Amino acid sequence: MSAPVSAPAAIEYPEKIDGAVLKVAGVVVLGAIMSILDITVVNVALPTFQKVFAPEGGDPLAYSTVAWTVTAYTLALATVIPLTGWAADRFGTKRLYMLALVLFTLGSTLCAMASSIELLIAFRALQGLGGGMLMPLGMTIMTKAAGPQRMGRLMAILGVPMLLGPIGGPILGGYLIEHHSWHWIFLINLPIGILALAYSAWALKADKPHPSESFDWVGMLMLSPGLALFLYGISSIPGEGTFFSSKVIIPGTIGLLLVIGFVFYSFKPKHPLLDLRLFKNRNLTVAALTMFLFALAFFGGLLIVPTYFQEVRGESTTDAGLLMAAQGLGAMVTMPIAGALVDKFPVGRIVPFGLVAIVTGMFLLTQIDAHTSYWGYILPVLFLMGLGMGGTMMPIMTSALKSLRAHDVARGSTLLNITQQIGSSMGVAIISVFLTTGIKNQAIISQAQAFGDAAKKVTNPAEMPALLAKFPEVAKVFAKFGTDQAAAQAGLLEAVRDGLAVAFSHTFWVAAFLVLLTLVPAAFLPRKSEESHFLDDGVDEDDAQVPVLMH
C-alpha cells in the first residue's frame with residue numbers, strides 16, 4: 001500500500017551557540033587563518049624575494065617580477081572559486097574541504113623548497129587552488145551547522161581570521177624573515193595544515209553528495225579564463241603605471257568579454273557553473289553590490305596605510321604591522337556585537353553605522369602629513385575604521401546567506417567570494433595607480449632620487465653647484481642650509497617624506513569617496529525582519545510538498 005508523506009522537516013536549531021557548532025567553527029577558522037594570513041605574510045616578503053632570487057652577482061629582481069608571487073595566487077583563486085559550488089554538490093563539502101587543505105598545505109611546503117622565482121610563482125598558484133576553495137566551503141559548512149537564526153554570531157567567529165590577517169601577517173612575516181629565513185613564512189603552514197586536516201576528519205560530519213548536476217564545461221571555459229585574464233589586466237596596472245598599456249587593455253578586455261559572454265550564457269543551462277539566477281533574490285543582490293563596493297574601497301585604502309608607515313615615517317615592517325593592530329582591535333570590539341545583533345535585527349539597521357565609521361575614518365586620513373601624531377590622531381582613526389569594519393563585512397555576508405535555501409548556500413557563498421575578490425583586486429589596482437601618479441607628480445621625489453645617483457659620481461666638491469642647477473627643487477632645499485651638507489641631506493630626506501605624505505593624503509581622498517559610494521546600495525539592505533527560507537536538508541519548500549510513495 002502507498003501513502004503520501006512529507007519531505008523531512010527542517011531541523012530545530014538551539015538558540016544559543018552550542019559545543020557542536022563551535023567544534024565545526026574551529027575547523028573553518030583554522031583553514032581561514034592559513035589562507036588569509038598567508039596573503040599578508042607574503043606581501044611583507046616581496047623585497048626579500050627580490051634579493052634572494054636575483055642572479056648571482058646581479059641586480060635585485062624587479063618588483064613587478066616578484067609581485068607575481070601574489071598575482072599567481074590571486075589568479076588561481078579566481079579560477080577555482082567558480083568550480084567550488086558544483087564540486088561541493090558533486091563530492092560533498094567535507095571531502096572537498098579536506099582536499100582544499102591538502103592542496104594548500106602541499107603548495108606551502110613546495111613554496112618553501114622553491115629554488116627559483118619561477119618555481120615559487122608556480123607553487124603559489126597551487127596554493128591558490130586550495131585557498132580559493134577554503135573560504136566559500138567554510139561559509140557553506142558554517143551556515144549548515146548553525147542554521148539561519150545563529151548565523152550572525154557564527155559569521156562573527158569566522159571574521160576572526162580576517163582580523164588576524166592584517167594584524168598578524170606583517171608582524172609574523174617580518175619576525176620570521178628577520179630572525180629565521182623566508183622559508184618559514186611558508187613552512188609555518190605545514191603543522192597548521194596537518195592539524196586542520198586531522199581536526200576536519202574528526203569534527204565534520206560526512207555529508208551526502210548530490211551529483212545529479214552535469215558539469216558546465218562551456219561555462220568553465222568562459223568564466224574561469226575570463227576572470228583570470230581580467231584580473232591579470234587589472235593586476236598589471238600598478239606596474240605599467242597606466243590603464244592604457246597593452247599589457248592591461250588586451251588581457252583585461254578579452255577577460256571582460258568572456259565574463260560578459262558567460263553572463264548571457266549562464267541563463268541557458270539548467271545547472272550553470274555560476275548560478276546568476278540567485279540574483280533574483282533581492283537581499284543577495286543588494287548584499288553582493290554592497291560587498292563589491294566595500295571591498296573595492298576599503299581593501300584598496302587599507303593597502304597603503306602600512307606603506308605610509310614604512311615609506312613616509314620610516315618604520316620597520318614589524319613596527320608598521322604593530323601600528324596596524326589598532327584597526328584590528330577596533331574590529332574585535334564590534335564584530336561579536338554585530339554578529340549578535342544581526343541575529344535579532346535587520347542588517348540594514350546595522351551595516352550603515354559601520355560604513356559611516358569607515359567613511360569618517362577615511363576622510364580623516366586625507367589630513368595626515370609626515371609628522372601627524374600616532375597616538376593623538378592616526379591610531380584613533382584606525383581604531384574607528386576597525387570599529388566600522390567589524391560592523392560591516394560579516395553582517396553583509398550573513399544577510400545574503402540567511403536568505404538562501406540550504407542547497408543554494410554553496411553557490412551563494414561562491415558568488416559573494418568572487419564579488420569580494422574582484423572588488424578588492426580592482427580597488428588595490430585603482431588606489432595603487434593613484435598613489436603612483438601622485439608620487440610622480442611630486443617633483444622633489446624624482447629629482448632627489450636622480451640627484452642622489454648623480455652625486456655618488458661627484459669627486460670634486462666644486463662640481464656640486466653645477467649639479468644642483470640641474471635639480472631646482474633639490475637646490476631650493478640645499479639653499480636653506482648653506483655649506484652644512486649633513487643638514488642639507490637631512491633636509492632633503494625630510495622634503496621627500498613631505499612630498500610622499502602629500503601623495504598619500506591625496507590618494508586617501510579617492511578611497512574616501514569610493515567608500516562613500518558604498519552607502520548607496522547599503523541603503524537598500526533589508527530594514528525589516530524577514531522569514532528565512534533556509535532548510536537544513538537542502539530541500540526546497542516547493543519540493544517538500546511533493547508526496548513520496550512508501551511501499
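What percentage of the 551 residues in the chain is buried? Keep that in mind as you load this predicted model: buried residues make up 54% of the chain.

**Whole chain.** Start with a cartoon view. You will find 21 helices and zero strands. Switch to a surface, and about 24300 Å² is exposed, with carbon and sulfur atoms supplying 67% of that area. If you draw contacts with a separation of 6 or more, 82% of them join residues 24 or more positions apart.

**The largest core.** Next, select Tyr97, Phe309 and Phe451. These residues have the most contacts inside the largest nonpolar core, which has 128 residues. Helix α11, residues 282-311, gives this core its largest share, 16 residues.

**Around Tyr97.** Zoom in on Tyr97 and show what surrounds it. Leaving out residues up to four places away in sequence, Tyr97 touches Val27, Val28 and Gly31, then Leu134, Leu137, Gly138 and Ile141, and finally Ser200 and Leu204. Another core lies apart from the largest one; it has 22 residues, and you can pick it out by selecting Ile33, Leu46, Val66 and Phe186 among them.

**Along α11.** Now colour helix α11 on its own. From first C-alpha to last, its 30 residues reach 44 Å, close to the 44 Å expected at 1.5 Å a residue. Add the rest of the chain back: 21 of the 30 residues of α11 are buried, so this helix is largely enclosed by the rest of the structure. For a last stop, go to the start of α11 and show Asn281 and Asn283 as sticks. There, a side-chain oxygen of Asn281 comes within 3.0 Å of the backbone nitrogen of Asn283.

How values were computed. Residues numbered from 1 in each chain as written. Predicted model: local features only at pLDDT ≥ 70, side-chain atom pairs only at ≥ 80, totals over all residues. Heavy atoms only, no water. Core = buried A, V, L, I, M, F, W, Y, C linked by side-chain atoms within 4.5 Å. Buried < 20%, exposed > 50% of the residue type's maximum accessible area, 1.4 Å probe, protein only. Helix = DSSP H or I, 4+ residues; strand = E, 2+ residues; numbered from the N terminus. Contact = heavy atoms within 4.5 Å. Areas by Shrake-Rupley, 256 points an atom, 1.4 Å probe, with all protein chains shown as cover. Expected span 1.5 Å × (residues − 1). Polar contact = N/O pair within 3.5 Å; in protein donor to acceptor, adjacent residues only side chain to side chain.
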